[in-house]
Amino acid sequence: MPDIHKTALFDNGIGSTHTPRAAFLRRSSALWFLVLLAALLLSPVLSNKAGLSNRSAAYRSMPMNLGDYSFIRQQIFEKKGDIDVLFLGASVIWSAVDTPRVQKELSRKLGRPANVVTLGFLFNGIDVPYVILKDLLANRKVRTVVFSIPRDDWTLGPSIPGCKLQRYPDFPDVVEELPLDSKLSLYACSVLATPHDLLSAAREPIDRRSEFEDSLGAKKEVLGMDRDPDTFVRFRPPPPQFTAELLIYSDKTKENFSFKDQRLPEYQEHYLDALVELLKEQDVQLIFLNVPQLFERESDKVIEYQNWQARFGPGVTLIGVPPRKLFAGLDEHSTELLHCDIDHFNWNGNEFFTEAIMPAILEAVKHEKTNP
Amino acid sequence: MSNLPLFILVLAGYLILTRIALKIPSAKVRLPLFAISNIAFVALLSLQTRYHDWEPEPIISLGQEAVIRHLVLVGMYVLAVTFGYVLLRKLAKRSGALPWIAFSYPLLILVLFKYFYFAWEPLLDRLGWDDWILTATVIGLSYMAFRLSSLVLEVRNEIVEMPTLSAYLGFAFFLPTMIVGPINPFSVHQRSLESDNFDSGYFARSFLRIAVGAAKFLFLANLANQLSYAGIFLDQKPHGPIDLVVAAVFYYIFLYLNFSGICDIAIGIAGLLGIRVIENFDNPFLARNIKDFWNRWHISLSVWARDIIFSPLSKYLIRRFGTRHTNAGLTVTTFVVFLVIGVWHGVGWRFALFGVIHAAGVIGNYYYTIFLKKRLGKEGFRKYNKSRLVHVIAVVATFAYVTASFSVFANSYNQLGIIKNAITEGFFISGN
C-alpha cells in the first residue's frame, strides 16, 4: 500500500521529477486564490453595493453591433420632457416607423409640439424593452408605448443584448420569479459585465453624437434586398389608404386578425408580463403594433402570436394591417423594393408602412392637448 | 468541444479505462492497451469537432457517412504516424544524414497540413470534401510533430531506449497533451509510465491542478477577455489611447490564463493517470528580460527550440566561422529560433513579426549584458543584477515589451486598422 499523503498537496512549486508541480506553493496562496474567485463571482453584488456600476454605465458598455444604445442612453438619462409616443422594440419595428412623420402628424392633431421617439435595438428579446422601459420611466414620463413582437426566433434565456444590458441586482422584482437556469444565466451575464463596469467607473467612456438623433431614433435602411446597398432603389408607391377603424382590433375587425395561440419561451413571457405590469402601474397606454414581415405578404390576416388584448385587458390596443391589403397593387419585385431582407422594411418601406398605419396610430393614441 | 457535460463524461471514461490498462503488470499487454485507449478516445473526441460554418455541427451529428469517413481518415492519420515509427526504428541510429529523415518526417507532415493546406484543395475538390475535413482529422498535429521529432534525437542521443510501436503510439496520441501540449519529452513520459508513484497525495495534487486550470481557463480568462482587444475595440465605438493600454495588458493576462489554464488541466489529467508532464509556465509576468520570459512562458516550446535549433545551429555556425564571430552566430541563430517559434504559432506575416520582435528583445538583452559587464566590471555587474530597483524596472519593462509584442499576435491587419480608427478617427470603419 502506498503511504497516505506521500505526495504533499502544496510544495515549493518545483515538484519532483515524478510528480506534477503543486497548484499552489502554500495553503495561504490557495486561500487567496479562493478569495479572488469568490470576489469575482460576487462582483455584480459587490460593485452594486460599492456604487461602481450604474444603469447609465450599462448602456455605455453596449456594443454598437447590438444597436445604438448611446441614443437610448441619452433619451433615458440626458433628455428631459415627457414622451407622447414611444415606439419600442427590436429591429422589425425599429426599421418600420418613420418617427419624425408620426411626430409631425401627432403635433398637428394635438395642436402642440408632440414628442415622439423610437427606441429600437437588434436581436429579439423582451428583457431588453423591459429594462429600457424600467430605466426610462424612472427618469421621464411616457404616455403611450407602441410595442411590437416579431415572429422570429427567441432565446430560451437572456437575449444577446439582454445579457449585456441587465445587471442581476438592478431588477430584483423581475429576476426573483425567473426559473433557476435563467437566473444563473443572468447572473453569469452580470459577472462578465463587471470588467466593463469597472472600466467605465475608472475612465469616462467617449460618447459621440448618435446618427439617430435627427430621425428621432427611426432606422431608415438605405439597403436593397439581402441588405445590399448597391441594389437599393428609391421607390415611393402611393401608400394604401385605410381608416383607423379598419386597422384597430375590435369586434368589427376581428376577422382581419389571426392569433396562433402560441406562447413565447417562459423567460420571454415572464418579461412580457413584467413589461405590461410596469406600464399598468405607471398608467402608460400600451399599443401592440403588428409589423408585417415579407414572408407573410400573401396573408389575408394580421398574424400574431396571441390576442394581446384578450390576455392583457381591454386597455391594450392592437393595430395591424393584413399584408395582402397593405401590398395590394404591388407585384413581388415592387414589394421587395420596400424591404432590405425578409424581416425588415428599408427606407422605402419605412415611409410606406408609416403612412398606412398613421390614421390608426393617431386614433389610438390618447390625446392630451396640453403638456402638463 | 463545446458540450461540456459530454466532454466530462468521455474524459471520465478515458481516465477509468486507461487507468485500468496501466494497472496491468505485463508491459506487453499494458502498453498496447494504453495506446489503443488513447487512440480510441482521440477518435471519439474528434467526432465532437465542429467545422467552421454559420451553423457549426459536430461531425457526429452529420450522419453515418460523415462519421465513417472521419474514422477512416483518423485511421490514416494513425498509419501516417506509424510510418514515422518505421523511420525512427530504421534510421535514428544510422550515421550521416539518415536520422534527419526520421527527425524531419513529423515536421514535414505538419508543414504540409498547416502551411501548404491549399495543396490539398484539388484532391479535396475531386472528392467533394470541404476544407475542414482534413483540419478536423489531424488534430493535435502541431504538438505531436514536435514531440515525435524530439523523440528521434532522444533515441539517437541514447537518452531513451528505442520504444516499442505501442509505446510510440501511446506517446504520440497521449490524449491529455494532444491539443495544447505541453511538448512533453518521451523520456519524462516513459519514466513516469514505468514508475509506480501514484498515491492519494499525487491524485489530490493532480485534481487540484485540474480545478485551478478550469477556473483559469473557463472563468478568469473569459473575464480578462472582456477587456482585451476583442472585448473593447470591436464594439464599433470611439476609444481613447488609454483603452489601448488596457486592452493590451488584459490580452496578455487573458492569453496567460487561457493557455496556462488549459495546460494545468492537461498536466492534471495526465497526473490522474500517474504520468508526469513537464511544466509550461513559471510566473511569466515576473520575467526580468525577454530571455527570462521564454524560460517562463511556453517552456516546453522554448526547451524544444533550444535543444533542436539553437544549440546545434549556434555550434555549427561558430565551428564554421570561428569564435571571432560568436556574437554574430548567436544573433543569427536567435533570429532563426524566434522566426520558427513565430510561424509555428500561425501562418502569416504578423506571427513572423512576433518572432522578430522577440528575437530583437533577446539579442538586445544579450548585447546590453555584454555592454554592462564591460562598463560596470564584474563586481559592478553583480551589484546591478542584485539591485531591487533595477529588478522592478526590468520586470515592468519586460512586461510592457511582451504586452506590446502581443498586439501583432492578437490582431489581424484588419483588426489593427479598426483599433487605429477607433482611436484616431473616433469611429468604426473596417481596417481594410
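**View 1. Strands β1 and β3 of chain A lie side by side in a predicted model.** Strand β3 (residues 142-147) of chain A runs parallel to β1(A), and five bridges join them. Here a strand is a DSSP run of E with at least two residues, a helix is a run of H or I with at least four, and both are numbered from the N terminus; two strands pair if DSSP finds at least two bridges between them. Look for A:V85, whose bridge partner in β3(A) is A:T144. Since this is a predicted model, local features need pLDDT of at least 70 and side-chain atom pairs count only at pLDDT 80 or more, while totals for chains, interfaces and linings use all residues. Residues count from 1 along each chain as its sequence is written, with chains lettered from A and ligands numbered from 1 in the order in which they are written.

**View 2. Here is β2(A), a parallel partner of β1(A).** Strand β1 (residues 83-89) of chain A pairs with β2(A) over five bridges, and A:L88 sits opposite A:L119. As for β2 (residues 116-120), five of its five residues are buried, meaning that 20 or more other C-beta atoms lie within 10 Å of a residue's own (exposed is 12 or fewer, partly exposed is in between, and C-beta atoms are placed from the backbone). A:V116, A:T118 and A:G120 take one side, A:V117 and A:L119 the other, and both faces are covered. In a regular strand, side chains alternate between the two faces of the sheet.

**View 3. Zoom out to the open sheet of chain A.** Five strands line up as β2-β1-β3-β5-β7, with parallel pairing. β2 and β7 (317-319) are at the edges with a single partner strand each, so one side of each has no neighbour in the sheet.

**View 4. Over in chain B, helix α19 shows a buried face.** α19 (residues 413-424) has 12 residues and reaches 16 Å from first C-alpha to last, close to the expected 16 Å (1.5 Å times one less than its number of residues). Its buried residues are B:I418, B:I419 and B:A422. Down the helix axis they fall within an arc of 95°, so they line one face; the arc is taken over directions from the axis to the C-beta atoms. On the other side, B:Y413 and B:T424 are exposed.

**View 5. And now the start of chain A, residues 1-5.** pLDDT, the predictor's confidence in each residue from 0 to 100, stays under 50 here. Where pLDDT is low, don't read the predicted coordinates in detail.

Definitions and conventions. Two residues are in contact if their C-beta atoms, placed from the backbone, lie within 7 Å.
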